[in-house]
Amino acid sequence: MRRLVYLPFQPSPAGLLCDRVNVHSIVEAVGTPAYVYSAEAIRRAYRDIDGAFAEYPHAIHYALKANSTLALLRLLRSLGSRADANSWGEIEVAQRAGFAPSDIVFTGVGKTRDELASAIAHDVGTINAESAGELDRIASIATQQGRVARVALRVNPDIDAKSHPNISTGLKSNKFGVPIQDARAIYAERRHLSGLKFVGVHIHIGSQITSAEPLARAARALVSLARELCADGVALEHVDLGGGLGIGYEGRPLLTPSDYAAAVLPELRQIGIPVVLEPGRAVVGNAGALVSRVVDVKRFPDGRQFAVLDAGMTELMRPALYGSFHRILSLAPRSGDESAWDIVGPICESSDVFARERLLPELRVDDLVAVLDTGAYGAVMASNYNRRFLAPEVLVDNDRFEIIRRRQTLDDVLALES
Ligand SMILES: Cc1ncc(COP(=O)(O)O)c(C=O)c1O
């Protein structure tokens, strides 16, 4: 039987529940807007991925870029996760959450010399290099430090992830990695540099991928390269498939971890080298909701009606950035016919829109709404634009909740200014 995705936010006669906590009680404690996450949803999502790959040697390096709040990282570490970091800041946060440097892969286009020097000095598990030039910089910094950096090269296979163009990364028109056909020569030319140890090869073709075919093609390309590198005498310890597993934003899974494993494992089994996975969205995306209050309602003569929320693109940028879809629930659903609402934020930008013509029950000022599936690429992308303060984050575990990040204050923001 096909496994259903666990949906932590469920309406009840008493109000919206996150697991066994009434979201209204969270709002009483922290106000709005606020991010609410379910620990159980994160556990299940992590275990689903881990379980799907159980029969093959694998390591899950949760991608911090999706959501790097300390409490979530500690939870994931307790489940056995390792970390994928995209900046020195993320590496430091991962370490504060208890991840050992050896459990961190450091990915990212445009790593600075300082970032590389720090990563090498801390013996980060693997640096996923983006270019031949970066490998040379790593080699020279490592040699200066008298160390050997463990590296993998990120390859660009020119595969269409069939996701949103802004989050596709594996096409030759994207800035990521080196053309896959150049990789073998790049390894061969640098294999004997004293500052480098080639331990892996890395690919990541995009995010929110909802069909198995591009992931299988990426795995095939990676395996074929790994085989060539092994024939050349490179002692690969792992192949890194990156992240990208998409989630259902409509309340049902589109591609499950088992579908993903079924697509890539036949390829991987041909070489038997352990695989590194870097999922972000698939671990935390469905676990979070942004809870917000209606602050104004406007009706225009053409029939258009707007509900203006106290959350906008400053809290959740995805709709403005990618036109992404999120389910929206009213926490005080009124009886009567649903009608079409434009759900918008308070920011002075016309793109500050969460949904157009969304069918919802009547909304009134002070009503609460929940924007669902915002656990990934939500809080991490928030900004202080319009001098708005970062929203608090709350972690629900069974029948309890904990404020894992308090609301930012004016003093927090102005502390950096003279
Ligand atoms: C190199 C790399 N690994 C992992 C991820 C995580 O992707 P996702 O959240 O889609 O799983 C990303 C995101 O873009 C990435 O760039």
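**Exercise 1. The ligand and its contacts**

Task: find how far an oxygen atom of the ligand is from an N or O atom in the side chain of tyrosine 377, then look for other contacts of this kind.

Solution:
1. For tyrosine 377 the distance is 2.6 Å. This is a polar contact, meaning a pair of N or O atoms within 3.5 Å.
2. This is a predicted model, where local features need pLDDT of at least 70, side-chain atom pairs count only at pLDDT 80 or more, and totals for chains, interfaces and linings use all residues. Residues are numbered from 1 along each chain as its sequence is written, and side-chain values use heavy atoms, with hydrogens and water left out.
3. Now go to serine 207: an N or O atom of its side chain lies 2.3 Å from a ligand oxygen.
4. Glycine 280 takes part through its backbone, with a polar atom there 2.9 Å from an oxygen of the ligand.
5. How much of the ligand does the protein cover? On its own the ligand has 400 Å² of accessible area, and the protein covers 95% of that (by the Shrake-Rupley method with a 1.4 Å probe).

**Exercise 2. The shell around the ligand**

Task: name the residues that come nearest to the ligand and sort the shell by residue type.

Solution:
1. There are 16 residues around the ligand, each with a heavy atom within 4 Å of it.
2. Those that come nearest are Ser207, Gly244, Glu278, Arg281 and Tyr377.
3. Sorted by type, the shell has eight polar, five charged and three nonpolar residues. Here Ala, Val, Leu, Ile, Met, Phe, Trp, Tyr, Cys and Pro count as nonpolar, Asp, Glu, Lys and Arg as charged, and the others, Gly among them, as polar.

**Exercise 3. Unusual backbone angles**

Task: locate residues with a positive phi and a cis peptide bond.

Solution:
1. As background, most residues other than glycine have a negative phi, and most peptide bonds are trans.
2. Tyrosine 377, met above as a ligand contact, has a positive phi near 55 degrees. Its place is the loop between β19 and β20 (393-397). Strands (E, at least two residues) and helices (H or I, at least four) are DSSP runs, numbered from the N terminus.
3. Aspartate 366 also has a positive phi, about 85 degrees, and lies in the loop between β18 and β19 (368-372).
4. The cis peptide bond runs from threonine 32 to proline 33, with omega near -10 degrees. Proline 33 sits in the loop that separates α1 (23-30) from β4 (34-38).

**Exercise 4. A sheet of three strands**

Task: work out the strand order and the bridge partners in the sheet that holds β1, β2 and β3.

Solution:
1. The sheet is open, has the order β1-β2-β3 and pairs antiparallel. Two strands pair if DSSP finds at least two bridges between them.
2. Which strands lie at the edges? They are β1 (9-12) and β3 (21-22), each pairing on one side only.
3. Four bridges link β1 with β2 (residues 15-18). Phenylalanine 9 has cysteine 18 as its bridge partner, while glutamine 10 stands opposite leucine 17.
4. A hairpin of two residues leads from β1 to β2.
5. Two bridges join β2 to β3, and here leucine 17 has asparagine 22 as its partner.
6. In the hairpin of β2 and β3, with two residues between the strands, aspartate 19 has a positive phi near 50 degrees.

**Exercise 5. Both senses of pairing around β17**

Task: say in which sense β17 pairs with β15 and with β18, parallel or antiparallel.

Solution:
1. With β15 (residues 305-309), β17 (residues 339-344) pairs in the parallel sense over three bridges. Valine 308 stands opposite valine 344.
2. With β18 (residues 353-360), β17 runs antiparallel, joined by five bridges. Serine 339 stands opposite leucine 360.

Notes. A polar contact is a pair of N or O atoms within 3.5 Å; within protein, one must be able to donate a hydrogen and the other to accept it, and residues adjacent in sequence count only if both atoms are side-chain atoms.
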